[in-house]
Amino acid sequence: MAEQYVSDAVKYVGVDDRGIDLFESQYRVPNGVSYNSYIILDQKIAIMDTVDKRATEAWLANVEQVLEGKVPDYLIISHMEPDHAANIQTIAEKYPTMQLVGNGKTLQMLSQFFSFSLEGRTITVKEGDELSLGEHTLVFYMAPMVHWPEVMVEYEKKEQILFSADGFGKFGALDAEEEWTAEARRYYINIVGKYGAQVQALLKKASGLAISKICPLHGPILTENLGYYLEKYDRWSSYRPEEKGILIAYASIHGNTKKAAEEMGELFKQAGVEQVKVTDLSRSDLAEAVADAFCYDRMLLACATYDGGLFPVMEDFLQHLKNKNYQKRKVGLMENGSWAPLAAKKMKEYLEQMKDIELCTPVVTIKSAVKEDTLEGMRQLVSVLKD
């Protein structure tokens, strides 16, 4: 069992998954991921969510170790996504007297995922309802579309613990030695990023609670400097940049667009821009590139024309930015084309579908390779984007 202490009455029973390569079959997780689950021991015993099917045996062993032969009274279902809910039927059949606690949408989804009888086994909760376990009391708050429609979070009144579902989670197993912010940002932007308004609504509810600990369904329990994590979520969900700096994201076929992007990086540094990140979209982690675009207040896109349009990795990148509600940024464009440059036109079409994007001029056009006249346009664009 991963070593993670909550309190004497609230036990961690989650599992680290170091063998997974892609989370949700798309996000690289070189340091794995944790599937978090908790048990509250009181006059009544509540299990807080299950785990992914990849971790079934280890999770059941952890649950049995903590229960020490006791029978749980409730299974609280915060979120029906399979990485948290895959073992609902398994644990329900193991403890046939245990009640399943969820909201109306949760109970509807249960019958879609599983085949066991729910008759007489469910408790439906709604916004503000309470469930007493004895000394501990859970209060339920609905969080629709953060990031599934049935999501809810639970607040335990005695110990002031927020069980935050997918909120405040991050990629990486619990034993991964890595800083929280980068992987939490990559997790949030790519998985929850589209739903900023819904996250803001949840943060408003949380602002009225005295919170001493945050227990997410992925990543470490947060116990100190909670204002830091809350501020990050407020910033991410309101689409405000975290840092003053520029991401240069390029899509190059034979290397000339790459060379131009790297030269732009040097020009920005010479102009006094301290934070400059140059990313090869063909070789970098797409999820990290998307997260970086949200981190900085400016971006330069450099792309070769391909089949009369965009080189595919740039099109994929822009589609992801659009899907995640990229907005409130300054963006510059640089295109390359040996006979019919069209990349800038196509990139602009994507960006015009996004909110509050300031498209900067001039657009730099490269005809095959950077020449002296191209450098003049590059310098002009740097002067516009440097502040």
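1. Helices and strands here are DSSP runs, of at least four residues (H or I) for a helix and at least two (E) for a strand, and they are numbered from the N terminus. With that in hand, you can place Asp307 in the loop between β18 and β19 (309-310). Please keep in mind that this is a predicted model.

2. First, the overall picture. The protein chain has 12 helices and 22 strands. Its C-alpha atoms fill a box of roughly 80 × 40 × 35 Å along the principal axes. Of the 387 residues, 57% count as buried. Among contacts with a separation of 6 or more, 70% are between residues 24 or more positions apart.

3. Back to Asp307. This residue has a positive phi, near 50°, although Asp307 is not a glycine. Most residues other than glycine have a negative phi. Is Asp307 buried or exposed? Asp307 counts as exposed, because its relative accessibility is 73% and the cut-off for exposed is over 50%.

4. Tyr239 also has a positive phi, about 65°. You'll find Tyr239 in the loop between α7 and β16 (243-251). Tyr239 has a relative accessible area of 7%, so it counts as buried, the limit being under 20%.

5. Two cis peptide bonds deserve a look. One joins Val146 and His147, with omega about 5°, and His147 sits in the loop between β12 (137-142) and β13. Another runs from Thr361 to Pro362, with omega near 5°; Pro362 is in the loop between β21 (355-359) and β22 (364-366). For context, most peptide bonds are trans.

6. Now pick out helix α6, residues 196-206. Gly196, Val199, Leu202, Leu203 and Ala206 are its buried residues. Viewed down the axis of α6, these buried residues fall within an arc of 120°, so they line one face of the helix. In general, an α-helix has 3.6 residues a turn, so residues three or four places apart point the same way. Ala197 and Lys204, on the other side of α6, are exposed. The cover over the buried residues of α6 includes β13 (152-156), α5 (180-192) and α7 (226-237).

7. Helix α6 turns up again at a cavity. How many cavities of 30 Å³ or more are there? The count is 1, and the space in this largest cavity is about 140 Å³. It is lined by 17 residues, and the closest to its centre are Val153, Leu162, Phe168, Leu202 and Leu203. Both α6 and α7 give two or more residues to the lining, with α6 supplying the largest share, 5 residues. By class, the lining of the largest cavity divides into 13 nonpolar, 2 polar and 2 charged residues.

8. The largest pocket holds about 340 Å³ of space. Of its 18 lining residues, Ile253, Ala304, Thr305, Gly337 and Ser338 are the closest to the centre. The elements giving two or more residues to this lining are α8 (256-270) and β18 (296-306). Strand β18 gives 3 residues, the largest share. The pocket lining comprises 6 nonpolar, 11 polar and 1 charged residues.

9. Strand β18 is also home to Arg298. Is Arg298 buried or exposed? With a relative accessible area of 3%, Arg298 is buried. A polar atom of the Arg298 side chain lies 2.6 Å from the backbone oxygen of Lys386. Lys386 is also one of the residues in contact with Arg298 beyond four places in sequence; others include Lys244, Val273, Lys330, Leu385 and Asp387.

10. At the start of the chain, have a look at Val6, in the segment before β1 (10-12). Val6 is buried, with a relative accessible area of 1%. Leaving aside neighbours within four places in sequence, its contacts are Tyr12, Tyr38, Ile161, Lys213, Cys215 and Ile221. Val6 and Leu222 are 216 residues apart in sequence, yet 9.6 Å apart in space, C-alpha to C-alpha.

11. Last, there is Pro312, in helix α10 (residues 312-323). Pro312 has a relative accessible area of 45%, so it is partly exposed. Its C-alpha atom is 8.9 Å from that of Ser282, and the two residues are 30 apart in sequence.

Technical notes. Residues numbered from 1 in each chain as written. Heavy atoms only, no water. Buried < 20%, exposed > 50% of the residue type's maximum accessible area, 1.4 Å probe, protein only. Arc of directions from axis to C-beta. Contact = heavy atoms within 4.5 Å. 1 Å grid on protein atoms, 1.4 Å probe; cavity = no way out; pocket = protein on both sides within 12 Å on 5 of 7 lines; lining within 4 Å. Points joined across faces, edges and corners; volume = space filled by probe spheres on them. Nonpolar A, V, L, I, M, F, W, Y, C, P; charged D, E, K, R; others polar. Polar contact = N/O pair within 3.5 Å; in protein donor to acceptor, adjacent residues only side chain to side chain.
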